[in-house]
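Q: Please give a close look at a single part of this model, the shell around the ligand, and at what adjoins this topic. How do the residues of that shell divide into nonpolar, polar and charged?

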Amino acid sequence: MVAEGDKARKLVIIAHAPSPNTQRMVEAVMRGARHEDIENVGVRHVPPLEAVPEDVLEADALILGTTENLGYMSGALKDFFDRCYYPCLERTQGLPFATYVRAGRDGTGTLRAIDSITTGLRWRAVQDPLLCRGEFDEQFLAQCEELGLYMAAGLDAGVL
Ligand SMILES: Cc1cc2nc3c(=O)[nH]c(=O)nc-3n(C[C@H](O)[C@H](O)[C@H](O)COP(=O)(O)O)c2cc1C
């Protein structure tokens with residue numbers, strides 16, 4: 001078996017998961033991305049407070065995940081951008097990425113903020129953002145799994 005880090009293409013999931021539901025969501029993203037038919041994609045989850053610019057520089061694609069807190073992305077994901085924006089700015093243009101947001105009742109402020117920062121970085125959104133809003137619904141897990149699968153399959157096929 002090939003170790004995740006040795007696989008040809010790298011998908012890095014930078015996701016804040018502060019609750020049991022959000023933990024299940026990131027696990028679902030990972031499950032989709034590690035589908036047995038996908039052979040050449042290494043998948044890693046890095047919590048945003050632990051993420052460093054090298055995690056982005058080595059990635060062939062990213063999935064960003066966050067809760068909405070006080071009308072904005074989580075402080076954890078914001079901290080990641082604060083630390084990684086300039087070290088990545090000139091070196092990651094065109095990086096394909098996707099986003100999922102868990103929001104109790106809104107989510108739009110978070111989507112707007114992520115769009116603004118990733119536009120500044122010139123990253124390339126390859127999926128509409130997934131907004132999991134309202135009371136927790138088990139459907140969110142299927143949607144997260146699909147997101148992970150889509151990104152990893154795209155990398156595996158060389159189309160991202
Ligand atoms: C301090 C705090 C602020 C929050 N602010 C918002 C908010 O502005 N908009 C929103 O949609 N949800 C907000 N929420 C709800 C969180 O998004 C939600 O609790 C989180 O996504 C975890 O969801 P879960 O209960 O399914 O685990 C907030 C939660 C907390 C604890």
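**The shell around the ligand**

A: The shell consists of three nonpolar, eight polar and four charged residues. Here Ala, Val, Leu, Ile, Met, Phe, Trp, Tyr, Cys and Pro count as nonpolar, Asp, Glu, Lys and Arg as charged, and the others, Gly among them, as polar. The model is predicted: local features need pLDDT of at least 70, side-chain atom pairs count only at pLDDT 80 or more, and totals for chains, interfaces and linings use all residues. Residues are numbered from 1 along each chain as its sequence is written.

A residue is near the ligand if its C-beta atom, placed from the backbone, lies within 6 Å of it. Among the 15 residues around the ligand, those that come nearest are Ser19, Asn21, Thr67, Ala103 and Gly104. Two or more shell residues come from each of helix H1 (20-33), strand E3 (61-69) and strand E5 (96-103), and E3 gives the largest share, three residues. Such helices (H or I, at least four residues) and strands (E, at least two) are DSSP runs, numbered from the N terminus.

Strand E5 also pairs with E7, in the parallel sense over four bridges; pairing requires that DSSP finds at least two bridges. Within this pair, Val101 has Leu131 of E7 as its bridge partner. Leu131 belongs, with Arg133, to the uncovered face of E7 (residues 130-133), whereas Leu130 and Cys132 form the covered face. In a regular strand the side chains alternate between the two faces of the sheet.

Note on methods. A residue is buried if 20 or more other C-beta atoms lie within 10 Å of its own, exposed if 12 or fewer, and partly exposed in between; C-beta atoms are placed from the backbone.
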